[in-house]
Amino acid sequence: MLNIVLFGPPGAGKGTQSQKLIDTYQLIHLSTGDLLRSQIAAGTELGLRAKTLMDQGLLVPDEVVIGMIDSKLKENKSAAGFIFDGFPRTVPQAEGLDELMAQNNTAITCMIALEVSEEELTKRLLLRGQTSGRPDDQDESLVRKRVQEYNTKTAPVAGFYAQQGKYHAVNGIGEIDEIFNQTCSIIDSYLTQPKTI
């Protein structure tokens, strides 16, 4: 099973790249943002709680997100693999995800990090806010807060996967296809290795 963590701050291009990877490798997209937004749209208690936190630019509690991911894994046992988009965001989440994957008799194959400067991210998110209608993309101070939150809490996750020899950085600025080709060459190198799980 091919399980990829697609990593990068808000606005790095994870959504664009993950869609291309899903089409190429027949992966199931696990976007915690989408999972949460569907809960919000359904008006569930979890969704309302998540919305309050997200509107403040804060993260949703780990056990909530891990639970949603677990049910998604169990629903798709025969999948070719999964692409994790926007998760894990902290080292405890990464540890929790490793445990969850082991319980489901699989593991994370690799982490691919899209690297983009803070100024470029702010510009992209504010532009996205004009077209998406997402309130958290329209306020520059909230955008900068999210990027700061990412840098403080999420960047250490890269070190967690680097220690496992699974971390790969890709420049997230440039042509979409160029970034995609770099990403595919990393993934393909794993597919040609002897399977451990």
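In the predicted model, helices α1 and α8 are oblique to each other, because their axes pack at an angle of about 45°, an angle that falls outside the ranges counted as roughly parallel, roughly antiparallel or roughly perpendicular. The two helices, which span residues 14-25 and 176-191 respectively, have axes 10 Å apart, and the crossing that they form is right-handed. On the side of α1 the contact is made by T16, Q17, K20, L21, T24 and Y25, which meet I176, D177, I179, F180, T183, C184, I187, D188 and L191 of α8. Classified by residue type, the contact of α1 with α8 comprises eight nonpolar, four polar and three charged residues.

Residues of this part of the chain also appear in the database record. An unreviewed UniProt entry carries a "binding site" annotation that covers G11, A12, G13, K14, G15, T16, R128 and G174, and the lining of the largest pocket includes each of these residues, namely G11, A12, G13, K14, G15, T16, R128 and G174. Within this set, G13 is placed in the loop between β1 (2-7) and α1, whereas T16 belongs to α1 and takes part in the contact with α8.

Helix α2 (residues 32-42) was examined against two further helices. With helix α4 (residues 62-75), the axes come within 11 Å and cross at roughly 100°, which makes α2 roughly perpendicular to α4. The residues in contact are T32, L35, L36 and Q39 of α2 and V65, M68, I69 and K72 of α4, and by class they are five nonpolar, two polar and one charged. With helix α3 (residues 45-55), the axes of α2 and α3 come within 7 Å and cross at roughly 115°, and the crossing is left-handed. Here L36, R37, Q39 and I40 of α2 meet L46, G47, A50, K51 and M54 of α3, a contact whose residues divide into five nonpolar, two polar and two charged. Both L36 and Q39 are thus named in the contact of α2 with α4 and in that of α2 with α3.

A further "binding site" annotation, likewise taken from an unreviewed UniProt entry, covers T32, R37, L58, L59, V60, G86, F87, P88, R89, Q93, R134 and R146. These positions are spread over 115 residues of sequence and are also spread in space, with C-alpha atoms up to 25.4 Å apart. The lining of the largest pocket nevertheless takes in T32, R37, L58, L59, V60, G86, F87, P88, R89, Q93, R134 and R146 from this set. Two of the annotated residues recur in the helix contacts described above: T32, which is found in helix α2, contributes to the contact with α4, and R37 contributes to the contact of α2 with α3.

How values were computed: Residues numbered from 1 in each chain as written. Predicted model: local features only at pLDDT ≥ 70, side-chain atom pairs only at ≥ 80, totals over all residues. Heavy atoms only, no water. Axes fitted to C-alpha atoms, helices over the stretch in contact; angles between N-to-C directions. Helix = DSSP H or I, 4+ residues; strand = E, 2+ residues; numbered from the N terminus. Parallel < 35°, antiparallel > 145°, perpendicular 65-115°, else oblique. Left-handed = near helix turned anticlockwise from the far one by under 90°. Contact = heavy atoms within 4.5 Å. Nonpolar A, V, L, I, M, F, W, Y, C, P; charged D, E, K, R; others polar. UniProt positions renumbered as here; feature names shortened; annotations may be inferred. 1 Å grid on protein atoms, 1.4 Å probe; cavity = no way out; pocket = protein on both sides within 12 Å on 5 of 7 lines; lining within 4 Å.
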